[in-house]
Amino acid sequence: MPDARDELDWMVRTQLEPRGIFDARVLEAMRTIDRRRFVPEAHGSLAYDDNPLPIGEGQTISQPYMVAVMTQSLDLRGPQRILEIGTGSGYQTAVLARLGGEVYTVECRPALLEKARAVLDSMGFKNVHYRAGDGRRGWPEASPFDRILCAAAAADVPQAWLDQLADGGILLVPVGGAEGQVLVKVANRGGRLVRTEFCPCRFVPLVGEGDDACS
Ligand code: SAH
């Protein structure tokens, strides 16, 4: 594989820095984790573009900018416990694992989870825990979480996630349907849940009850 340093540098300089990504640790993580490793071979030449890309099973790897916005908004520092719903390609997982403590990632499509696990293992990540299943239930045995991130659009925030969010914790999830979604942030301040909406976005839907992909 060609050395991707120039491409990654270009991605950060043209797509992230000019759009308000200022956290040096996030920029550094995105400059060093090669997105191409998470993209199917056939789309390799598009790996550094400003777009989501297909990863199989009708799912997509998130746009680099979206990964950066969400990661920056999580304000990761120290040994935080992070729950990620929607592993997908594992790209966002890698960025979280580089910056956070322990990452618990749940994916309802087992084939995608195994592919992501193989890539993350090959990159040496030891602080990622994997589960195949319905992420709407969260991961009760590993809770509470300091950060919860969902990479698929929910009709509303599942109660299980709110129950598993630690005091001082932050939860991020796109809320809405195919017609439009907004990124919602919920902060747990001493048991008081403060909800803010902060940018329009577009994610694949969170699979729900009665959906074959998740049963
Ligand atoms: N950040 C990921 C984006 C993956 S797309 C990346 O950059 O690759 C969203 C993922 O959420 C898909 O892989 C989809 O299968 C998964 N998903 C959808 N509903 C889910 C659910 N209820 N539980 C767990 N994963 C779910």
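This is a short tour of a predicted model, from the ligand outward to some backbone details.

**Stop 1: the ligand.** Select the ligand. It sits in the largest pocket. Strand E2 (59–61) and strand E4 (102–107) are the elements that give two or more residues to the surrounding shell. E2 supplies the largest share, 3 residues.

**Stop 2: the shell.** Now show the 25 residues that surround the ligand. The closest are Ser89, Glu107, Arg109, Gly135 and Val207. By class, the shell holds 12 nonpolar, 10 polar and 3 charged residues.

**Stop 3: polar contacts.** Which side chains should you pick here? Start with Glu107: an N or O atom in its side chain is 2.5 Å from an oxygen atom of the ligand. Go to Ser89, where a polar side-chain atom lies 2.6 Å from a ligand oxygen. Then pick Asp134, with a polar side-chain atom 3.0 Å from a nitrogen atom of the ligand. Switch on a surface: the protein covers 99% of the 580 Å² of accessible area that the ligand has on its own.

**Stop 4: a cis peptide.** Select Ser143 and Pro144. A cis peptide bond joins them, with omega about 5°. Pro144 lies in the loop between strand E5 (128–132) and strand E6 (145–150).

**Stop 5: positive phi.** Select Glu57, in the loop between strand E1 (53–56) and E2. Glu57 is not a glycine, yet its phi is positive, about 55°. Its relative accessible area is 46%, so Glu57 counts as partly exposed.

Finish at Asp75, in the loop between helix H3 (64–74) and strand E3 (81–85). Asp75 is another non-glycine residue with a positive phi, about 50°. Asp75 is partly exposed, at 33% relative accessibility.

Definitions and conventions
Residues are numbered from 1 along each chain as its sequence is written. This is a predicted model: local features need pLDDT of at least 70, side-chain atom pairs count only at pLDDT 80 or more; totals for chains, interfaces and linings use all residues. Side-chain values use heavy atoms; hydrogens and water are left out. A residue is near a molecule or strand if one of its heavy atoms lies within 4 Å of it. A polar contact is a pair of N or O atoms within 3.5 Å; within protein, one must be able to donate a hydrogen and the other to accept it, and residues adjacent in sequence count only if both atoms are side-chain atoms. Accessible areas come from the Shrake-Rupley method with a 1.4 Å probe; for residues, only the protein chains shown count as cover. On a 1 Å grid over the protein atoms alone, a cavity is a set of points where a 1.4 Å probe fits but cannot get out, and a pocket is an open set with protein on both sides within 12 Å along at least five of seven lines; lining residues have an atom within 4 Å of a point. A molecule sits in a cavity or pocket if more than half of its atoms lie within 2 Å of its grid points. Helices (H or I, at least four residues) and strands (E, at least two) are DSSP runs, numbered from the N terminus. Ala, Val, Leu, Ile, Met, Phe, Trp, Tyr, Cys and Pro count as nonpolar, Asp, Glu, Lys and Arg as charged, and the others, Gly among them, as polar. Buried means under 20% relative accessible area, exposed over 50%, partly exposed in between (1.4 Å probe, protein chains only).
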